Amino acid sequence: MTSARPRRTPGARAALTVLSTLAVLSVLSVLAGCTAGPSDRPALATWGAPTGGTGGSGTAAPGTGVVPAPTVRWQECPERVPEIDPGTGLTFRVDCAQVPVERSSLGGSSIVARMQLTRARTAELPEDAVPLIVLPDEPGRPAGDQVATVAAGLTEDVRGRYAVVVPDLVGTGRSDGVDCVADESVDTLSTLAADPTSGAGATRLDRLARDLTFDCSEIVGGTLSLVDSAAAAGDLETVRVALGLPELTLLGRGFGATLAGLVIDRTPDRVTAAVLDAPFDPSVGPTGRAADRARAAEAAFDDFAAACTTGPDCPLGPDPRGRITELVAGLEETGGVRGSVGSVTGGTVLLTLLLSLGEPAGWPELAAAVGALADAVSAGTPTRAPAGVVRSLLQDRLGGDAAATLMTGRLLYACNDTADRLPAAQLAPAAQQMRAEAPLFGAFSVGLVALCSTWPAAERALTGFSVAGAAPILVLAAADDPVAPAVGVQAVARQLPSSVLVTWRSAQHGSYPVSGCVSAAVDAYLTDGHLPPDRTVCPP
């Protein structure tokens, strides 16, 4: 790095844990900052430990009827994990365990990492209660810290039957968490152009992609490609054996739902039940998924606009789509505005909408924030305060103070799960095509695919499911979900012959347990094994 470039430091966040055959090392947290001068990155380190043997227990042969002896030791969590859900006041007994998992590259090198499990039980459940493995909506979120909230978010019938077990996937949270995205990169992502596939917008996006690859390659080292969903699915088989279970019961949302599908695809005879809430279709590449998501976001935006205009005093006026289009165009023409907590561009507005439309409960706040900014920009009045509100809303959607850590997990799994490596300029034709189908979100959504353009080659890119002999599976979709479009969820259901699809007429991302109709179907399935008719549709 040249001395003219601002120093990039991957943030005052949790230390990157590094295992060694001789000792356990830590790369200490470095203060986030942006100052002129030469790079003072932490010393190069390799995540994981080279293996000299096996990384954990063996597996019981399928069909033998042999149940593995449990090797997990549940004990007090090494760092305090909340036992009370602040939203409901529900209290749980919480404990933790670590499971060693082995990951191998196609080149023959292997590492052993530690996977942390966090368990929450109601006071009435015994120590040997059947575990329900709940898989996270996003790979970067330290799910174990939220185990009480996760358990409280399930229905009473499910909490009364299962011990809720939440894994931190390897490379995230307390499972040898990797932390390689700089705060500066989060800021750049937050201020991209509305069309990041052309002109200066493409140049800035390509520079961001190179920075992300450089930072993570330097911090993680040669094992960067081992943090992927295929390996995570294998880790869960190791977890099954460590827990002494003949079969797993899984509940996943979003990314976690797709991961549950991979587990079923890999070991169909070792999953007794699974709920896949809003999975994405792994047979579709990232450009196709981005296009699907843009179309779904347009439909969700129409729902958002209708909800705004049917209420009193819509902050976006009688034509929310026209108002947002005008705002984005104005910000692009002027290069954006400076807010109290950062700049706001047309891309900032679009990313805020994309990350917010899947939560209808937050639509009034979203309309008020974006509407106030639109009023200020069109009237030529000071924009600092309203721009700051929009930027703060986006920062909250990205994860607040943990945004860089969460972005690390998202980036690692997203880039390692696909073989596509397309720079922004090569995505321009697809972006142009999507403008006709998704005028607001098409170009921006497709452009984000370029974040992986300089990433190392994937070792185990995802493909579609091809499952035979699986137990009955419950798949959940929301008709206008902008995060996991229904078209992709329907494709997943078709690839899983033993599945039953339930669709909720909503734009909410994640149907369970928000919809009472969906919750009744899930509860009957998880507690009694009863499935609703295939293609059941739940009312709004």
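**Exercise 1. Is T348 buried or exposed, and at what relative accessibility?**

*Task.* Working with this predicted model, classify T348 and then describe its surroundings in helix 9.

*Solution.* Begin with the accessibility: T348 has a relative accessibility of 0%, and since buried means under 20% relative accessible area, T348 counts as buried. Next, place the residue: T348 is found in helix 9, which spans residues 346–356 and has 10 of its 11 residues buried, so that helix 9 is largely enclosed by the rest of the structure. The buried residues of this helix include G346, G347, V349 and L350, as well as T348 itself.

Then list the neighbours: leaving aside residues up to four places away in sequence, T348 touches S190, T191, L192, S343, V390, R391 and L394. Finally, look at the start of the helix, where T345 caps the N-terminal end of helix 9, with a side-chain oxygen 3.2 Å from the backbone nitrogen of G347. T345 also meets T348, for the backbone nitrogen of T345 lies 2.9 Å from a polar atom of the T348 side chain.

**Exercise 2. Which geometry does the pair of F255 and Y413 have, and where do its two residues lie?**

*Task.* Classify the aromatic pairs F255–Y413 and F301–F441, and locate each partner along the chain.

*Solution.* A search of the whole structure finds four aromatic pairs, and two of them are worked through here. For F255 and Y413, the ring centres are 5.5 Å apart and the planes stand at 70°; planes over 60 degrees apart count as edge-to-face, so this pair is edge-to-face. The pair links distant parts of the chain, with F255 in helix 6 (residues 255–266) and Y413 in helix 12 (residues 403–416), 158 residues apart. Both F255 and Y413 are buried.

Apply this reasoning to F301 and F441, whose rings are 6.3 Å apart from centre to centre with 65° between the planes, which again makes an edge-to-face pair. F301 lies in helix 7 (residues 286–309), while F441 lies in the loop between helix 13 (424–437) and helix 14 (442–447), so the pair ties together parts that are 140 residues apart in sequence. F301 and F441 are both buried, and together with F304 and W363 they form one aromatic cluster.

As a last step, consider a ring with a charged partner: R119 lies over the face of W74, at 4.4 Å from the ring centre.

**Exercise 3. How many disulfides does a search of the whole structure find?**

*Task.* Give the number of disulfides, then describe the links C308–C314, C415–C452 and C517–C538, with attention to handedness and burial.

*Solution.* The search finds five disulfides. Counting the bonded cysteines along the chain, the pattern is 1-2, 3-4, 5-6, 7-8, 9-10.

1. C308 is joined to C314 by a disulfide with an S to S distance of 1.9 Å, and with 100° about the S-S bond this link is right-handed. C308 counts as buried at 11% relative accessibility, and C314 counts as buried at 14%.

2. In the disulfide of C415 and C452, the sulfur atoms are 2.0 Å apart; the torsion about the S-S bond is about -85°, so the disulfide is left-handed. This pair links distant parts of the chain, since C415 belongs to helix 12 and C452 to the loop between helix 14 and strand 12 (473–478), 37 residues apart. Both C415 and C452 are buried.

3. C517 is joined to C538 with an S to S distance of 1.9 Å, and the torsion of about -65° makes this disulfide left-handed. C517 lies in helix 16 (residues 516–528) and C538 in strand 14 (residues 536–538), 21 residues apart. Here the two ends fall into separate classes, for C517 is partly exposed with a relative accessible area of 32%, whereas C538 counts as buried at 1% relative accessibility.

**Exercise 4. What percentage of the residues of the protein chain count as buried?**

*Task.* Set the preceding details within the chain as a whole.

*Solution.* Of the 540 residues, 56% count as buried. The secondary structure comes to 16 helices and 14 strands. Turning to the surface, the chain exposes about 21,100 Å², with carbon and sulfur atoms supplying 56% of that area. For the contacts, take those between residues at least 6 apart in sequence: 77% of them join residues at least 24 apart.

Notes:
Residues numbered from 1 in each chain as written. Predicted model: local features only at pLDDT ≥ 70, side-chain atom pairs only at ≥ 80, totals over all residues. Heavy atoms only, no water. Helix = DSSP H or I, 4+ residues; strand = E, 2+ residues; numbered from the N terminus. Buried < 20%, exposed > 50% of the residue type's maximum accessible area, 1.4 Å probe, protein only. Contact = heavy atoms within 4.5 Å. Areas by Shrake-Rupley, 256 points an atom, 1.4 Å probe, with all protein chains shown as cover. Phe/Tyr/Trp six-rings, centres within 6.5 Å; stacked < 30°, edge-to-face > 60°. Lys NZ or Arg CZ within 6 Å of the ring centre and 35° of its normal. Polar contact = N/O pair within 3.5 Å; in protein donor to acceptor, adjacent residues only side chain to side chain. Disulfide = S-S within 2.5 Å.
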